[in-house]
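Let's take a walk through this one together, starting with a single side chain and working outwards. Have the viewer open and follow along.

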Amino acid sequence: MTQNNKRIAKNTMFLYFRMIVIMGVSFYTVRVVLDTLGITDFGLYNLVASFVLIMAFLNNTLTSGTQRFLTFEIGKGDIVKLKQTFSTALLIHIALAFVILILGETVGLWFLYEKMNIPVDRFDSAFWVYQFAIASTMVMVIQVPYHALIIAHERMHIFAYISIVEAILKLLIVYLLLVISFDKLIVYGILMFLVLLTIASFYRYYVVKNYAESHFSFSFDKEIVKSMLHFSGWNIFGTLGSLLSAQGINIILNIFFGPVAVAARAISMQVNGGLSQFANGFQQAVTPQITKLYATKQIKELNDLLYQNVKYAFLLLWILALPILMQMDYILNIWL
C-alpha cells in the first residue's frame, strides 16, 4: 500500500502539471480567440460543439466502462482476457463513431437548419464548423480505448508530456488566427480538429508501441460486450443528466437568446471546468488503484483508499473554489 500511495502521489503531480499547462494556455487562448472571432462567432463555435457532444453522450457512458474493465483485467493479470477486452472495446467505439456520423448528418443537420438561432450571414460558417466538430467527436470516440489503457497502466506522465505539445499547438492556433484573413470561424474549427487528430495520434503511437494488448485483432466477445454495456448502463442516466445540464443549456440559450448568451455561458463554464480539473486530477490518479484492489479482493485497503480519495478531492476543490467565488468580478476583469 505504501508503494501504491507513492505511485498515486507521483501520478497526481504529473496530472496537476498537465492540468496547469492546459489551463494556463486555455485561459489565455480563450481571451484571444474571443477577441479575434468576436462574441457571436465565439458563441456559435461553442453552440455547435455542445450540440455534437450531446449526440455523443453514449461515448461518455462507455468511457468509464472501458477504463474499468481494462484496469480490472490488468489487476487480475489475465493477459489473454485483457487483449480480448481491448479489441472488443475498440470495435464498440468504432461502431459508435459511425452511429454519431449518421445521427450528425441526418437528425443533427435537420436540427441545425430548423431549430438553431444562427445569423443568416454566418450560417455557412456554422455548417462547416459543425462538420469538423463531428469529425473531431469521431476521433475522440475511437481514441477512448487507447486513452483508457494509459490510465489503466497508471502512466500519467505521458499525459503531462503530450500536454506540452498540445499547449504549443493551441498557441500556434492563436497566432494563425491573427494572421490568416480567411473566415476565422472556419479556420478555428479546422485547426482545432487538426490539433485533436495530432494529439490522438501521439497517444495511439505510444500505446501500440508499449502495450502488446493494444495490437488489434478482430475479437468480439459477446460476454465482454454484455458486461461492459451492463456496467455502462448504470451510468447512462447520470451521464446524460450531467451532459444536458452542461451542454444542453447552451442549446436552450441559443434558441431563446442567441449566440451571445452562449458565449457568456461558455466563459463561465471555462472557470467551472478549471476548478473541476483539480479534483478530477486526483480522482484520475486514484481510480486505477481502487479498481485493481477490487480485482484482487483487497476490500479493506480499497475502502481506506476510497475514503481518503473523497476527503482530499473535496478539500482540493473547496480550497480553490472559495477565493474564486469571493473575488469573481476581480478575476474576470483581469482575465478578459
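Which backbone oxygen lies 2.8 Å from a polar atom of the side chain of T36? Keep in mind while you look that this is a predicted model. The oxygen in question belongs to V32. T36 itself sits in helix α1, which covers residues 2-37. With a relative accessible area of 19%, T36 counts as buried, because the cut-off for that label is under 20%. As for what surrounds it, if you leave aside the neighbours within four places in sequence, T36 is in contact with L177, L178 and K184.

Now on to the charges. The structure holds four salt bridges, and R122 is a good place to pick up the trail. R122 forms a salt bridge with D41, and the closest N and O atoms there are 2.9 Å apart. R122 lies in the loop between α4 (79-114) and α5 (123-152), while D41 is in helix α2 (residues 39-55), so this pair ties together parts that are 81 residues apart in sequence. Both R122 and D41 are buried.

R122 has another partner too: it forms a salt bridge with D183, with 3.0 Å between the closest N and O atoms. D183 is in the loop between α6 (156-179) and α7 (184-210), and R122 in the loop between α4 and α5, so here the pair ties together parts that are 61 residues apart in sequence. Put the pieces together and you get D41, R122 and D183 linked in a network of salt bridges. How accessible is R122, buried or exposed? Its relative accessibility is 16%, and R122 therefore counts as buried, the limit being under 20%.

For another kind of salt bridge, head over to helix α11. The side chains of K300 and D304 meet there, 3.2 Å from N to O. Both residues lie in α11 and are four residues apart, about one turn of the helix. K300 is exposed, with a relative accessible area of 59%, whereas D304, at 34%, counts as partly exposed.

Stay on α11, which spans residues 299-326, and you'll come to F314. Why is F314 called exposed? Because its relative accessible area is 53%, and the label applies over 50%. F314 is also one of the residues that make a nonpolar surface patch of about 890 Å². The others in the patch are Y312, L315, W318, I319, L322, L325 and M326.

Key. Residues numbered from 1 in each chain as written. Predicted model: local features only at pLDDT ≥ 70, side-chain atom pairs only at ≥ 80, totals over all residues. Heavy atoms only, no water. Patch = residues over 30% accessible without salt bridge, like charges linked within 9 Å, V, L, I, M, F, W, Y side chains within 5 Å. Areas by Shrake-Rupley, 256 points an atom, 1.4 Å probe, with all protein chains shown as cover. Helix = DSSP H or I, 4+ residues; strand = E, 2+ residues; numbered from the N terminus. Buried < 20%, exposed > 50% of the residue type's maximum accessible area, 1.4 Å probe, protein only. Polar contact = N/O pair within 3.5 Å; in protein donor to acceptor, adjacent residues only side chain to side chain. Contact = heavy atoms within 4.5 Å.
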